[in-house]
Structure formats: structure tokens, C-alpha cells
Amino acid sequence: MRLSKSVSPRKAAATKPNYDSTMSEAVRTMLQANGETARDFPAKADAGFLWDFWYPAVRSAEIRGQKLVTAMLLEVPLVLGRTSEGKTFAMRDSCPHRGIPLSYGRLDGKVLECCYHGWRFDACSGQCVEIPSLSSQDRLKVERIFAGHFPCEERDGYVWVYMNSQVTRTPKTIPAAPALAVFGEKYKITHLSCELPSHVDQGIIGLMDPAHGPFVHQSWFWRKRASIHEKAKQFEPIPNGFRMSPHQPSSNSAPYRLLAKMTGETVTTTIDFVLPNLRTEIDRSGKLWFSSRATVTPVRRDLCRIDFVAAWNLPVPVAVFRPFAKKFLRQDQLTMIQQAEGLKYNPHLMLIDDADRQAKWYFALKANLLESRRMGAAMVHPMSGPVTLRWRS
């Protein structure tokens, strides 16, 4: 269930035509067909996105039968579907022949056919298998033509797409798509999402911001402004991210107090942030547990989306949990909408210690990763070891 109406990638593209000045799909295809090597060029001027990572594109439930679904990730229009064997696929929503969106075409269970000239592409590889207009004298090697194609996996009710920067070359080895941590076979699960009218960087540092809770999330079931007090949390470096070390959660949060009363045991919370956009939280008390993951995914440089999934074995029905989680997410969404009003005038911004240190780590992690890729060297982590941060919230 979405908290706001999604912006159609097709409508967005129609209002702002993109005449790419680097290398079009058609030119790239011609080079491949002639046996030449096409260099991989950046699709657009740097938008501050992180490529070569998995991103959630759509909910699995949205793809039924031979229905084609559109999405946009990192300003790349995608068409997604499911083969007759049940395997999901993701292709660039553009026919390499004349650029018409492939989502207007037809899927026969294995092959996606363009509606314009009937070019047919294997859905799971993007390889062209037929061009109906070719005559017997044509020497074009159809099998050397590819539509843009991206690796695709399903996890936790989402279809994940690996947004590789070199779309004409799929890496030989890629990591598995992220999976939500669960601690048993029986559990409840729910999903929520909302769109934020801001760059993904603003969405991410808002997600990890520890000081906005008493102001943005004031409510009887969470926190009150009068409950603000000083806190000290220890953080440690982890690959591509950082961890708020296992600790007892804030005493001014009603859900944690309730969980402790239910089990009669201490509640332990561990929170991780990992590039490019994942925040996970695991709460455990005795045999009861709660696991959640929030991702902030770039749609366009001025639009991102939060996808939130939670699983638990607590005796709390989904119908009870969802309204609270929905309200919590909606509060963040409204704040980001308000922030966008000010950001459009490019104001000078500042980050403070220690409340904004996590934001500083994020920007450093991102910069260091990009530098390591550019230099072909190991990534330097901005944290040299465990550190304790203090703030009031």
C-alpha cells in the first residue's frame, strides 16, 4: 500500500524529453551488431547516484501473469515482468530499434515483443531473437543485438534490480539481493512505502537522523517533546557502513517498554546502515523479536522512495501494527515535503556533531567508495574504530 500517488515514469518522461548527448541505444546497438566494442558512457551528468548495487523496484504482488509493469530507478525507465516459469526480469523500457517503450509490447511467457515493428527479445537476457522485417538477403546478426537488461531477484515480497553502471555488460559475479533477517519460520510481515520529493541523499540522512523524533514523531505511542534527554550510543564500522552497537533502546519509547513487560527480559536493539541505502533494525527480548528494513531508493534526482518492510513474532496482528507504522512514515513524508520547499532555493546547510555524525559518515562512505572505484584501490572507511556519540532526543 502506497502512502502517496506514484509518479508514472512514462508521464515524467513525457514532460521532460531526454535527448541523450552521449550514446543512444540505437548507436550502441549498431556498434554491437557490427562487431565493434562500444565503450560504456554515463547515461547523464552525475546525479549523485550509486551504481552497481541492488535496489527494490516494485512489490512482487504487482507482477501477475503476463502483465508488464513499469518502474524508474536512478532515472532509468524499466519494464518488469514474469516469465511463464515464474522468473522475474527487468529490462530498460526502450526498444533499441526506435526507442519506443517496450512496456507497450506483449509478453508471451518468455519473449517480449515490441509493439512498433515486432522486434522480439528474450526476457531474461535482453537478447534479440527475431526481427520480422529482415529479408533473406539481410546479413544483420540478430543475436548480437541486445535490449538493456538488468539482473533481477525476488526477496521479502520485492523485486530487486541490480543497477549495473555498464548496462551492456552484466558482471560475471554479483552479490545476492538483500534479505530481511528473520529468526524463525513463523512470523508476520508487512510492507509500506512512500515517496519523498527530494534527492536520495536528503532522504537517507533524514532516515538516520536521531534528533528529529520528539518533534516529528510526537505521539502517545512513541515519544513526547517533554521526554527529551541526553543519550550516548556506541557505533562501530562494518563493511560499507556502520552499526549502532547492540544496546538497550530508549526508555522514552512506549513500544520498547511494552516489549520488556511482555517478556520480563531486557530489550536489545541493533541498528545498521549499509550503502547504498539500507537501514536495518533488530529488536530482541527473550524469544520475541522484531526485524525491519528501510531503503531509500533514488527514482529521479528530485524524487526518492522509502520502502519499509517489517517482520516479527510478537503477539501483535498486522492490522494493529500497520496503522502505527503508516502514521510514523507519513510524518517523515510530510517533513520531507516541507523541507523540499526550502531546499529548492539552494540554502547554505550545516551538519553538527554528534547528532549529525551519522550523516557525515554517510557522505564520507559514499565519496570514499566512488574514489576507490575510480582508483581501483581498496575503500578507506571513514571510521577508524568504535566511537561513542552523544546527543539529546
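Visitor: Which residues lie nearest the centre of the largest cavity, and how many residues line it?

Guide: This is a predicted model, where local features need pLDDT of at least 70, side-chain atom pairs count only at pLDDT 80 or more, and totals for chains, interfaces and linings use all residues. Residues are numbered from 1 along each chain as its sequence is written, and side-chain values use heavy atoms, with hydrogens and water left out. Now the idea: on a 1 Å grid over the protein atoms alone, a cavity is a set of points where a 1.4 Å probe fits but cannot get out, and lining residues have an atom within 4 Å of a point. Here the largest cavity has 13 lining residues, and L50, Y55, V200, P276 and P298 lie nearest its centre. The elements that give two or more residues to this lining are α3 (200–208), β17 (288–300) and α7 (357–375). Helices (H or I, at least four residues) and strands (E, at least two) are DSSP runs, numbered from the N terminus.

Visitor: What is the volume of the largest cavity, and which element gives the largest share of its lining?

Guide: A volume is the space filled by probe spheres set on the grid points, which are joined across faces, edges and corners. The largest cavity holds about 60 Å³, and the count of cavities of 30 Å³ or more is 1. Helix α3 supplies the largest share of the lining, 3 residues.

Visitor: How many of the lining residues fall in each class?

Guide: Ala, Val, Leu, Ile, Met, Phe, Trp, Tyr, Cys and Pro count as nonpolar, Asp, Glu, Lys and Arg as charged, and the others, Gly among them, as polar. The lining has 9 nonpolar, 2 polar and 2 charged residues.

Visitor: Staying with helix α3, is Q202 buried or exposed?

Guide: Buried means under 20% relative accessible area, exposed over 50%, and partly exposed in between (1.4 Å probe, protein chains only). Q202 sits in helix α3 and is buried, at 16%. Contact means heavy atoms within 4.5 Å. Beyond its neighbours within four places in sequence, Q202 is in contact with M336, Q339, L343 and L349. For the whole protein, 46% of the 393 residues count as buried.

Visitor: How many salt bridges are there?

Guide: Side chains of opposite charge can pair when their charged atoms come close. The rule asks for a side-chain nitrogen of Lys or Arg within 4 Å of a carboxyl oxygen of Asp or Glu, and the count comes to 18 salt bridges. One of them joins R120 and D108, with the closest N and O atoms 3.3 Å apart. R120 lies in strand β7 (residues 120–122) and D108 in the loop between β5 (106–107) and β6 (111–113), so the pair ties together parts that are 12 residues apart in sequence. R120 is buried, at 16% relative accessible area, while D108 is partly exposed, at 34%.

Visitor: Which residues are linked with R120 and D108 in a network of salt bridges?

Guide: The network also takes in R106, E113 and E130. R106 stands opposite E113 in β6.

Visitor: What is the strand order in the open sheet of 4 strands?

Guide: Two strands pair if DSSP finds at least two bridges between them. The order is β5-β6-β7-β8, with antiparallel pairing. Strands β5 and β8 (128–130) are at the edges with a single partner strand each, so one side of each is left without a neighbour in the sheet.

Notes: On a 1 Å grid over the protein atoms alone, a cavity is a set of points where a 1.4 Å probe fits but cannot get out, and a pocket is an open set with protein on both sides within 12 Å along at least five of seven lines; lining residues have an atom within 4 Å of a point.
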